[in-house]
Amino acid sequence: MSTVHEPTTTAGAVTAAVGLSVWPASTRERPHGDLAVGGVPLAELADRFGTPVYVLDEAEVRDRCRTYRDAFPDAEVLYAAKAFLCRAMAHWMDEEGLGLDVCSAGELELAVIAGFPPERIVLHGNAKSPRDLETALRLGVGRIVIDSPSEIARLAAAVGPHGHQKVMVRVVPGISAGGHEKIRTGTDDQKFGLSISDGYAAHAIARILGQPQLELTGLHCHLGSQITGVKPYLGAVRRMVGLMSRLHEQHGLVLPELDLGGGHGIAYRPGEQALDLTMLAGRVRAELREACATAGLPVPRLIIEPGRAIAGPAGIALYRVLSVKHTGEQVFVAVDGGMSDNPRPALYGVRYAPRLIGRRSTAAPARVTVVGRHCEAGDVLAADADLPADVRPGDLLAVPVAGAYHLSMASGYNLVGRPPVVAVRDGRARLLVRRESLEDVRRRDVGL
């Protein structure tokens, strides 16, 4: 899944390739300091669609889907729609043979409206609303992942005595992994899942087995996000198979599926580590075979749920510089977006590598802080960023690895409106999601 560009023979080209290592594979340098992605100049996109704007490289998305299918040929790969979802994205996932992992009726309905087969969709959520469950059953979702004991009776009642629904149980394996404490979900001190250690998972499974309209197909776990090492997944395999072995001893139960979730780490800046997908696939398969052989169980079908690793590196955010302010030794470069379209730096300290595009500068690099336009001191998009010392108002900045958890987590703060999303491929650009306008905001405000 590397996005490093083709080897070149000149030192300058090699340096450029290293600098573009976290950009989509289609990225090419153009005259006058611009970049083209998918054959389309980024400065041209900024002029045509305005800024801020998100650019999504369709070929990069599809290539990453195929890389997962090749690495896990016998597994079911579900795209985690929470990373970023629109109708085009759902369509691409369908064409590339992936399933979908959704977390709400909204995500589910959008996917089905786009033509995605509901039987290839899995519904997650630690607190599913009645509408979530009703929509899932009405549309015929493939599986529902039970996250709490109270969901069992609610779901069984909604299915009815003569209905049928495939379910999984989200289990907490007691493994800490992830790039930040706020995105670690495999331990007992967070809101997701049912613990192995205190017996809640086994108790919930026994209750499900008492509901004939619910078919338990497997166990699910998710360790966290931005995991760059293989070891946590191997530990999860051992603990999940251990639970499957106990369930077999107690109930004669043989579960055909094991979902290890996602959380596959990517590089946001050149030189950062990313999860080695080939190593992950090989070692997880070997660990699963060995653990099942020891337990005397057949090997279940593996399910994985990448989101960020598919969408993240395919996206670029474009901003226009509004002001440059020198305060003591600090230089603040303010742009026309910010935490309303990308709250991740404020939430858990994500670091990006913005780049000046649209003109070539000969100025030496300077350490600056790229900030947003919002009325919050924490509205920082990129701390300690290296930009040319002559960066000025009107310049364009491009932020790579912006395809996941940006627009999907965007807010209406300061009523500036959420940016559009533009897809590029083979020299053409098309609008996928239009810009949120002031008229959109006004039409929602119906009271006085």
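## Asn414 and its loop

In this predicted model, the loop between strand 19 (396–400) and strand 20 (421–425) is home to Asn414. The backbone here deserves a look: Asn414 is not a glycine, yet its phi is positive, near 60°. Most residues other than glycine have a negative phi. As for its surroundings, Asn414 counts as partly exposed because its relative accessibility is 36%, which falls between the 20% and 50% cut-offs.

## Asp426, after strand 20

Follow the chain to the loop between strand 20 and strand 21 (428–433), and you will find Asp426. Asp426 also has a positive phi without being a glycine, with a value near 55°. Is Asp426 buried or exposed? Its relative accessibility is 67%, so Asp426 counts as exposed.

## A cis peptide bond

Another backbone feature to visit is the bond joining Thr51 and Pro52, which is cis, with omega about -5°. Pro52 sits in the loop that runs between helix 2 (42–49) and strand 4 (53–57). For context, most peptide bonds are trans.

## The nonpolar cores

Which residues have the most contacts inside the largest nonpolar core? They are Leu42, Met93 and Leu219, in a core of 133 residues. Helix 9 (residues 231–251) is the element that gives the most to this core, contributing 9 residues. A second core lies apart from it, with 5 residues that include Leu78, Val122, Val145 and Ile303.

Leu42 is a good place to zoom in. Beyond its neighbours within four places in sequence, Leu42 is in contact with several residues, including Trp23, Val37, Val55, Ile316, Leu318, Ile357 and Ala398. Asp34 is also among the contacts of Leu42.

Conventions. Residues numbered from 1 in each chain as written. Predicted model: local features only at pLDDT ≥ 70, side-chain atom pairs only at ≥ 80, totals over all residues. Heavy atoms only, no water. Helix = DSSP H or I, 4+ residues; strand = E, 2+ residues; numbered from the N terminus. Buried < 20%, exposed > 50% of the residue type's maximum accessible area, 1.4 Å probe, protein only. Core = buried A, V, L, I, M, F, W, Y, C linked by side-chain atoms within 4.5 Å. Contact = heavy atoms within 4.5 Å.
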